[in-house]
Every structure is written in C-alpha cells, then in structure tokens.
Amino acid sequence: MLTHEQNELLTRVGPGTPMGTLLRQYWLPIAAESELDDRAVKPVRLLGENLVLYKDLGGHIGLIDRHCPHRRADMSFGFVEDCGLRCNYHGWLFDADGRTVEQPYEDVALGNAQVRDKVRTKAYPVRATGGLLWAFLGTGEPPILPQYEAFSWPNGFKQIIISEVPCNWAQCQENSIDPVHFEWMHSNWSIRLKGQRGPYAPRHVKIDFEEFEHGFLYKRIREDTDEKHDLWTVGRVTLWPIGVFLGDHFEWRVPIDDENTLSIAWSFQRVPLESEPYVQERIPYWYGPTRDADGEWISSHVMNQDFVAWIGQGTIADRTKEHLGRSDLGVGLMRRQLFADVKAVAEGRDPKGVLRTPPEGGVIHLPISHYDRYTRGLPRAELLAHPVLGRHLRGYPYQAGQPREVQEALWAAMGVTPEEMAQPSARQAPQAA
Ligand code: FES
Ligand SMILES: [Fe+2]
C-alpha cells in the first residue's frame, strides 16, 4: 500500500514532476525506425508533452514541439525539407536542434537573421538502434544509448509491435516484476477462456528477486520445476526503468502521459540453418489492437491479457486501497528503487541503469535462458517440429493482430510455406515470462 502522496509521486510524469524528471534521464524507445519511411511526420505525445517526430529529406530525424513557436500552428501538418520540418502556416523552418532556419517573409522583409536567431523551438535528440527510435527528453548530457546484445544477433527476423494502453505507466511496469501473475493471468485464465475448468497450471512454490546493474531478475520455482531449472538459475529480466526482457523479446511501457502508455515490443525469431545468411533489410512494425470488433478488450494473447490487467486496475491504480501479499516482493523492490532514483536525481546523481561509460565490448549482455535458440540456428525440420519455436512460426504468440504481410514476410525468411504453417504444431502451454 502507498499513501496518496506516494502514489502521486510514482505515477505523475509530466514536465517538472519528480518521476517525470527521473524518466527523462533515460533514452526511451518511442517508435519503430521504419515508421518514418511510411510517414515522414508523426505526432507523438511523451511524458505529457505534445511533440512531432519527423525524418527530413536529408535523413535527419527530429523530435520537436507539436506547436510552431510563431503562432502555434500544428507542426504535424508541416512538411519536411532537405534539412528540417517546415510549418505549413507561414513557412517557418526548424531543424532537429530546434533552430529556426528560415522565416520566409521576415527573411525578405528584414533581410537579416535578427528575429530568426531569437526564436527556437523545443527539440529533443533522437537516436536509432535495434530498429527503434529512442528519445532523450532530459536536460544536460544524454547518457550512452543502450545497445542490447539481442539487437546485434544475426540471422533473425525481427518485428516491432506498438499499442496504446489507456492507463498509467507504473501499473504496466509493475507487471514486469510479478512472476505469479503468469500462472493465473496467462496459464489458468487461458484455460478458463477456452471453457475448460482445468487442470490448472503448476503452482508457484518459491519466488525470489535479485538486483543487477540493468534492473532486477525475478526467479521462480513451480511444482514442475526445481532449483536447476532456468526459471530459477537465470530468471527473467525486469529491465530498468520501463522494460522487461524475455530472451526472444523486449517490452517497454513508455508513458504517453499520466493516463496512457505506449507499449512497444521487439521480437526476434531465428531463421533455420538452411536460410542462412539472412539479412533483414527493414524491421516491420505493426499496431496491435487492444479491442475486438465488438469493442471488448482482446484477451487471446499474452500481452493482451496483460493489458486487460493493467487497464482493469484503473486509469491510475489507487495504491492506497491495495493489500500487498508475499507475491508482491518484487513490486515493493521496484517502488523503493524508483523512489530512491527520484531522490538521486533531485540530489544531482545518476539514477539506476543510466550508462555513462560504454559497456565492455560495446553491447549490454542481459541474463538469458535458451541462448542457443536465438544464436544458433536449427535445421528447418527441427525448427518446425520444435514445441515452442515451431508454434511461434504459426502465429505471433504475444499479441493479437499480426498483419498477414508480416506473417508472410516471416515465413519467407524462414523458408516455410503457408501450407506447412496450416498444419497443426506440437501443442505447448504459454512460456513463462
Ligand atoms: S504558425 Fe508556424 S509559421 Fe506561422
Ligand atoms: Fe504477463
């Protein structure tokens, strides 16, 4: 349970708020890189700020104020030039650093840069890695952009899935350190959704949490596993401060504002040996729906089930009314760390997970189970018959709504035919996250 004041501290992320200031210390994923090939200018809302993301004709990527500093026109209707984004109202042109590069009438009438130099628009740096665009909304020197090892794995088909979830970011991220929910929200609820009464999934008998440089590890022993199982020896990664890493995919919960969260998932599937070498020219992205045609929340896939939980907690979960149990040790750890980080930032120190020196070898190695699955290809026949990887070829396992063209691109990369994919795969319960 938190006090009302603590809940406000945890959840409010707008400019000037302590948690907003903390989250502005990190590079945050905000879009797929390939989105800007389809649409040069995209309105975005991040941490309560209205912005536009664009790629100009010279390939520079900018993230600037949604409103023109001249007379506040909407820059999402602007058009890109060789260098910068031009407002469609009176033609003022801004570059990715926020400089006013042109003021067409003033430049003629006044013939000097006097006015122009006085006007800047808000601008934040953007970098690309892993097929994602990352923004730094803080002040001062940005930290080092995290390069996760998985981003550099060769011979994989990657895709990015984006959804807007109408609730506060913190309840989404608390789900990233909550091992027991998997048993109920995913395994058992899925059984009930199929109309069956059981048998239910093996129960959790022991959980533990461990801090490390880039977050926390959550570990579990279930009735069907022991201390030698990777669920205990390795665990799963709560990625600081807004993510989770599960080997074949990352998920981030990026605050849009206090009441909405951008879910961004990054997924990797290894091609079979026969398809090597495979180079993916462009990482596809798609927007995952949260509601079905009847307006009901979708509950068929793991992440959609998570969305249902988060949204169900209320737009901003009221933690003054909760009763934490033994399964919530990780949730407590997360909150304490966030509050300690808020304090660190207020005192001028870096919070947890901010990188100021490059990791050894240039990439961050996160703890991972089944490393071989992602880094060493299987023969095609074995991949198709694999109880987990084979099933994942037949349909995206984590979120509903994968477009047919992305599915077909995956199959082409894997060298499999739609007819083969129509065959039933070995059945397997959802993998523990
Ligand atoms: S409002 Fe943008 S140029 Fe006038
Ligand atoms: Fe979940």
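In this predicted model, helix α7 is followed by glycine 195, whose phi is positive, near 85°. Helix α7 itself comprises the 15 residues 179-193. At 1.5 Å a residue, a helix of this length should span 21 Å, and the end C-alpha atoms of α7 are 21 Å apart, so the expected and computed spans agree.

The buried residues of α7 are Pro179, Phe182, Glu183 and His186. Viewed down the helix axis, these buried residues fall within an arc of 125° and therefore line one face of α7. An α-helix has 3.6 residues a turn, so residues three or four places apart point the same way. Arg192 and Leu193, on the other side of α7, are exposed. The cover over the buried residues of α7 includes two strands, β13 (204-212) and β14 (215-222), as well as helix α9 (302-312).

Helix α7 belongs to a protein with 15 helices and 19 strands. The radius of gyration of the protein is 23 Å, close to the 22 Å given by the globule rule for 433 residues, so the protein is as compact as a globular protein of that length. Along the principal axes, the C-alpha atoms fill a box of roughly 80 × 55 × 50 Å. Of the 433 residues, 39% count as buried. Among contacts with a separation of 6 or more, 63% are accounted for by residues 24 or more positions apart.

Key: Residues numbered from 1 in each chain as written. Chains lettered and ligands numbered in written order. Predicted model: local features only at pLDDT ≥ 70, side-chain atom pairs only at ≥ 80, totals over all residues. Helix = DSSP H or I, 4+ residues; strand = E, 2+ residues; numbered from the N terminus. Expected span 1.5 Å × (residues − 1). Buried ≥ 20, exposed ≤ 12 C-beta atoms within 10 Å, placed from the backbone. Arc of directions from axis to C-beta. Contact = placed C-beta atoms within 7 Å. Rg over C-alpha atoms; globule rule 2.2 N^0.38 Å.
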